[in-house]
Amino acid sequence: MRARFTPSIRIIGFAIAVALIAGVIFAAKQTRRIFAAGTANVAVVSVNAASFAGPLAPGSIAAAFGADLATRLEAAEVLPLPTTLAGTSVRLVDSRNVGYDAQLFFVSPGQINYLIPDGAALGQAQVVITNANGAVSRGDLQLIASSPAVFTMSYTGRGLPVAL
């Protein structure tokens, strides 16, 4: 009989820390590349946090890039993940026009890492980010059934995986 693997709070915390470090290191470079690619009319661009590519799937970790998304940097320190960090919240409106408050891993003025809600319907969706000052940023994203990606040492979704 095989023992079941049950993730401990340390393993989950480590995974969150790796995701945050990867996002912070890569955020400035990626934001410049995304906005240079012609998305100036879109206030928020959401991509898979592991591969920095889209589309996304329910249950995946997303990285949203933009400006003035949060008033300060803050990372989640508890499980379950909060839906507000540093006064910033993320709401995802799916293709059925159902809104979900997303759980947050990390917020900063230029990047937010959040969890795509499991119940979100596939198809076109909109992310609505409200910061502590009440400023609202919006962006469109596509949700598909599966969007696999692995966090890697190079922070690109390619190369050696970040693993325990």
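**Strand pairing, nonpolar cores and unusual backbone geometry**

The protein chain exposes about 8,900 Å², and carbon and sulfur atoms supply 58% of this area. The structure described here is a predicted model. Of the 164 residues in the protein chain, 40% are buried. The protein chain contains 1 helix and 10 strands, and from the N terminus on its elements follow the order α-β-β-β-β-β-β-β-β-β-β, with the helix preceding the strands. Among the contacts in the protein chain with a separation of 6 or more, 57% are accounted for by residues 24 or more positions apart.

An open sheet of 5 strands is found in the order β1-β2-β8-β7-β3, and its pairing is antiparallel. The edge strands of this sheet are β1 (45-48) and β3 (74-75), each of which pairs on one side only. Within the sheet, β7 and β8 are joined in the antiparallel sense over 4 bridges, and Phe106 stands opposite Asn113 in β8. Antiparallel pairing is also seen between β9 and β10, where it extends over 8 bridges; here Gln126 has Asp140, in β10, as its bridge partner. The strands β9 and β10 form a hairpin with 5 residues between them, and Gly134, which is located in the turn, has a positive phi of about 90°.

The two faces of β10 are distinguished by their cover. Ser137, Gly139, Leu141 and Leu143 make up the covered face of β10, whereas Val136, Arg138, Asp140 and Gln142 make up the uncovered one. Asp140, the bridge partner of Gln126, therefore belongs to the uncovered face of β10 by the division given above,. 

The largest nonpolar core comprises 27 residues, of which Val90, Ile112, Tyr114, Ile116, Ile129, Leu141 and Leu143 touch the most other members. Two or more residues are given to this core by each of β2 (61-65), β5 (88-93), β7 (103-107), β8 (111-115), β9 (123-130) and β10 (136-143), and the largest share, 4 residues, comes from β7. A second, separate core consists of 6 residues, including Val47, Phe52, Ala63 and Phe65. Leu141 and Leu143, which are listed among the members of the largest core with the most contacts to other members, both lie on the covered face of β10. When residues up to four places away in sequence are not counted, Leu143 touches Leu56, Ala57, Leu92, Ile116, Ala120, Ala121, Leu122, Gly123 and Ala125.

Ile144 is found in the segment after β10. With residues up to four places away in sequence again left out, Ile144 touches Pro55, Leu56, Ala57, Pro58 and Leu122; Leu56, Ala57 and Leu122 also appear among the residues touched by Leu143. The C-alpha atoms of Ile144 and Gln124 are separated by 9.0 Å, although these residues are 20 residues apart along the chain. Despite its contacts with Pro55, Leu56, Ala57, Pro58 and Leu122, Ile144 counts as partly exposed because its relative accessibility is 30%, a value that lies between the limits of 20% for buried and 50% for exposed residues.

Several backbone features depart from the usual pattern, since most residues other than glycine have a negative phi and most peptide bonds are trans. Two cis peptide bonds can be described. The peptide bond from Gly54 to Pro55 is cis, with omega near -5°, and Pro55, one of the residues touched by Ile144, lies in the loop between β1 and β2. The peptide bond from Leu79 to Pro80 is likewise cis, with omega near 0°, and Pro80 is found in the loop between β3 and β4 (84-85).

Positive phi values occur at two residues that are not glycine. Asp68, placed in the loop between β2 and β3, has a positive phi of about 55°, and Asp68 is exposed because its relative accessible area of 56% is over 50%. Asn97, placed in the loop between β5 and β6 (99-101), has a positive phi of about 65°; at 64% relative accessibility, Asn97 also counts as exposed.

Terms used
Residues numbered from 1 in each chain as written. Predicted model: local features only at pLDDT ≥ 70, side-chain atom pairs only at ≥ 80, totals over all residues. Heavy atoms only, no water. Core = buried A, V, L, I, M, F, W, Y, C linked by side-chain atoms within 4.5 Å. Buried < 20%, exposed > 50% of the residue type's maximum accessible area, 1.4 Å probe, protein only. Contact = heavy atoms within 4.5 Å. Pairing = 2+ DSSP bridges. Areas by Shrake-Rupley, 256 points an atom, 1.4 Å probe, with all protein chains shown as cover.
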